[in-house]
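Visitor: Please take a close look at the sheet in this model, and at what sits beside it.

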Amino acid sequence: MAKVDLLLLHAPSVYDFRDHAILYGPVSDMIPSSTVFEMYPLGFLTIASYLGDRGLQVRIVNLALRMMNDRSFDVPRFLSGLNPAAIGIDLHWLPHCHGALEVARIAKEIHPAVPVIMGGLSSTYYHRELITYPQVDFVLRGDSTEPPLHQLLMALRGEGRLEDIPNLTWQRSGVTQVNPLTFVPTTLDYADLRPDLMVEMVLRYRDMKSVVPFDGWIKNPITTVFTVKGCSYECVTCGSSATTCTHLTRRTKPVFRSPASIVANMRMIGGLIHGPIFLVGDLLQGGRDYAEEILTRLHDAALDNEIVFEFFTVPPAAFLDSIARNLRRWSMEFSPESHEQAVRDAQEGEIGYTNADMEAILLHALRLGCSRVDVFFMIGLPAQTTASVAATIEYCGHLMTLGDKRLSCFISPMGPFIDPGSRGFEDPERFGYTLFAHTLEEHRQLLVQPTWERILNYETKWMTRTELVDATYDAAETLNALKMRHGRISRRRGQTVARRIQRARTLRTAINKELAQSGTIGTYLQLRGDISDYSMSTVCDKRELYWPSRFVNFNLATIAHIVSRHVKRWATPGDKISIAER
């Protein structure tokens, strides 16, 4: 097979999840992916775009999804058939630390001469520990690594020195070298998000299964555009808070993608995919003028996609008016975390809105024709008790009486880990946390514990891990019943969720009993599939997160154009050769 310049691999959370009997719990119910965390980072596509513009060929392989959808999929056999010049593996969010390191080990065994590069926020935090693993050759630190990665790939070909590459951690003769973290770009416009590259990879490698972002994406193609890196808020448990970014990525203030670049990227997405486009980051962090310019450009673009906005605090009513004037189809997501002001203040700081303020703006959005309003709450916050969680669910019932079916509420546990680098992780006692893991290896071992109660890397002085789990299932049951009562979900779907919650409770109790008696879960190894199944859609049916899909979710004319472009390019012999082969 022709050599690719960079093979990007996305690993499952736990590499051998197919052989384990782990009750992961509802830790992924609020995101599109499953407990395998098979959704690869958006950075894979910006890397492919940036490197592709410079003549390098990049291939993305979603190993997690391949393993999830095909129990017979053999990772070593698959990797042995590839011929990469370099291998990149993401370790962005910490729940991937087991799978990422195992995939790196296997890749290094199969291709011992091929350098293995890791990157992401967790890689950045644990770079000194990560580089000591024999299967890891390089770690790129920071929240933006496309140019340093290009420099590294060129240096590996003899065009440059490792010492000159910013943000790089590596070893020379067994001694760790930490190059200064100096690439902290003040613009995000240098790398575009190009969804057409996914189609081109399918054509080039005749492999559609490996580039799908997450399970179910073909039927529900939710897409995202990152508008910002860094944050101006100080949420205690967030690994991207203002304080965390200052120390971890050296970003002292948020940097925003320009309005022109945001809308250009959205137009590229909308030209290929009919699904909703989620704008990651509160646009108002960039200022009112910045946010309004984006709306004006979106109006001129006349996209047919649903545009989803997220807000970190209550937005001005006038800004929602502007959204409604400029867009035909829009939704909003809001995360107050808790109904209780004291808990919210403990988690987010005193950011200056009350429940009455929030309710007023949610109802205003509905009056303006907002397609849906999703309100998200969290379990595991500082100052939060089991009674407070129960009261939050009561408040969800109150919110559902205020609006119609377009307004719904969700709640999930913070898990499985409090983010490394967050203020809660760095100063746990101050914020009422007790941590059960600190190092990368300790977290890797936590991920293979038999229940999510034992996987959690924290508890609080207000709730133990056991109480956190109990509060989660109690909240899920009550909220599910409220959604049925208020018509947010059908009775049939609600009854299915209720049965799943009860089965998850029963499995948890039985597993804990066997662990207490024998220290193992031997009896339950035969229930691997059952246990895994009841780790999903337990706090809600995951389908509640999806927008209505169309009969055809993709623009067939655009796909035909990409195919034609690909055929013409490959008809030119010189274009078939990667830089690695020249």
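Guide: Two strands count as paired if DSSP finds at least two bridges between them. In this predicted model, strand β1, residues 6-10, is joined to β2 by five bridges, and the two strands run parallel. Within that pair, Leu7 stands opposite Arg59 of β2.

The pair belongs to an open sheet of seven strands with mixed pairing, in the order β2-β1-β3-β4-β5-β6-β7. The edges are taken by β2 (58-62) and β7 (175-178); each has a single partner strand, so one side of each has no neighbour in the sheet. On average, and ignoring direction, neighbouring strands of this sheet are turned by 25 degrees against each other.

Packed on the sheet is helix α7, residues 146-156, which touches β1, β4 (116-119), β5 (138-140) and β6 (168-172). The direction of α7 makes about 155 degrees with that of β5.

The loop between α7 and β6 holds Asn167. Asn167 has 0% relative accessibility and therefore counts as buried, the cut-off being under 20%. Its side chain makes polar contacts with two backbone nitrogens: that of Thr182 is reached at 3.1 Å, and that of Phe183 lies 3.0 Å from a polar atom of the Asn167 side chain. Leaving aside residues up to four places away in sequence, Asn167 touches Val139, Leu140, Arg141, Gly142 and Ser144, as well as Asn179, Pro180, Leu181, Thr182 and Phe183.

Notes:
Residues are numbered from 1 along each chain as its sequence is written. This is a predicted model: local features need pLDDT of at least 70, side-chain atom pairs count only at pLDDT 80 or more; totals for chains, interfaces and linings use all residues. Side-chain values use heavy atoms; hydrogens and water are left out. Helices (H or I, at least four residues) and strands (E, at least two) are DSSP runs, numbered from the N terminus. Axes are lines fitted to C-alpha atoms, for helices over the stretch in contact, and angles run from 0 to 180 degrees between N-to-C directions. Contact means heavy atoms within 4.5 Å. Buried means under 20% relative accessible area, exposed over 50%, partly exposed in between (1.4 Å probe, protein chains only). A polar contact is a pair of N or O atoms within 3.5 Å; within protein, one must be able to donate a hydrogen and the other to accept it, and residues adjacent in sequence count only if both atoms are side-chain atoms.
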